[in-house]
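Visitor: Could you take me slowly through one small part of this model, and then show me what else is found in the fold?

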Amino acid sequence: MQSKKSRSRQRAKRTGSGFFKKLLTMLLIVVLVIFGLTLFFKVETIDVTGAAHDTPEAVVAASGIQYGDNLMLVNRSETASRIVAGLPYVKSVRVRKQLPSTILLELTQAEPAAAVVSEYGDLWLVSDEGMLLEQITPDQAEAYLQISGFLILLPAPGEQPELDEESQEKMAVAMDLIAALQDVELSVPVTRMDLEHLYDINLYCSDRFQVRLGGAQDLDYKLRYLQAAMAQLTGGQSGVIDLTFSEEKIARFLPW
């Protein structure tokens, strides 16, 4: 008759043997799954959407993904970071995997808002969020609102412009003005913004109007007032629209 100690040792052996069999089975399953993923889920298609300012080929190149890569091993956050870092116009990227073989890259891109001058005298496009996008020629700059009155330092695409303390304030006002201008429909669009003196901001609307805004206070109100004033100036009239409200809180029009 077996002793209690002997029976306990046999049960322990059986329990240990069963545990190791289960462990080996699980490891085998994991190996088979990894092998299956590696063998079958290869990147064959990369779809790019939202690339208004970059070609799909440039986006794919910036992503670092290669055709034939393992779909399941593509790191979505790293892929998005590479694209944002490599393409100045890209604000954000959503990376999605679509089985069995497709990567979806959904881009949100910055829109150019104005042209600014650097300390070297060249022109740069800046977004409505104040990011530098790319260097442009004077001819290209004609298609955009131009900002004067300060210079950006050490420009680099995809970066916030480097500015001295005074220019930082001017840049902030420029962004506020750009945002406010998006909410009004002017019959003659603003083509240049002069921020040389923040107490005497001037807007230029083609060759027809010079708009004196005074300081940076009440921009929304002043621009709505400008919209109404322009609507009354018909027949090709041109001149200075004074919105400084220095006299009796009313606007004045001084024809050229």
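**A close look at S63, then the sheet**

Guide: In this model, which is predicted, the side chain of S63 reaches the backbone oxygen of V60 at a distance of 2.6 Å. The residue S63 is found in helix α2, which covers residues 56-63. The relative accessible area of S63 is 0%, so S63 counts as buried, the limit for that word being under 20%. If we leave aside residues up to four places away in sequence, S63 touches T79, R82, I83 and L105.

From there we can turn to the sheet. Nine strands form an open sheet with mixed pairing, and their order is β6-β5-β4-β7-β8-β9-β10-β11-β12. At its edges stand β6 (132-136) and β12 (252-255), and because each has a single partner strand, one side of each is left without a neighbour in the sheet. On average, neighbouring strands of this sheet are turned by 25° against each other, if direction is ignored. Helix α5 packs on the sheet, where it touches β4, β5 (123-127), β7, β8, β9 (201-205) and β10 (209-214), and the direction of α5 makes about 140° with that of β8. Another helix, α6 (residues 219-232), lies across β9, β10 and β11 (239-242), and α6 runs at about 150° to β10.

Within this sheet, strand β7 rewards a slower look. In the strand order, β7 stands between β4 and β8. With β4, which spans residues 112-117, strand β7 pairs in the parallel sense over two bridges, and here A115 stands opposite Q146 in β7. With β8, which spans residues 192-194, the pairing of β7 is also parallel, over three bridges, and I147 stands opposite M193 in β8. Together, β7, helix α5 (residues 165-181) and β8 make a β-α-β unit that is left-handed.

The side chains of β7 complete the picture. In a regular strand, side chains alternate between the two faces of the sheet. Along β7 (residues 145-148) they do alternate: L145 and I147 point to one face and are buried, whereas Q146 and S148 point to the other face and are not buried.

Definitions and conventions:
Residues numbered from 1 in each chain as written. Predicted model: local features only at pLDDT ≥ 70, side-chain atom pairs only at ≥ 80, totals over all residues. Heavy atoms only, no water. Buried < 20%, exposed > 50% of the residue type's maximum accessible area, 1.4 Å probe, protein only. Helix = DSSP H or I, 4+ residues; strand = E, 2+ residues; numbered from the N terminus. Pairing = 2+ DSSP bridges. Right-handed = clockwise from strand over helix to strand, strands pointing away. Axes fitted to C-alpha atoms, helices over the stretch in contact; angles between N-to-C directions. Contact = heavy atoms within 4.5 Å. Polar contact = N/O pair within 3.5 Å; in protein donor to acceptor, adjacent residues only side chain to side chain.
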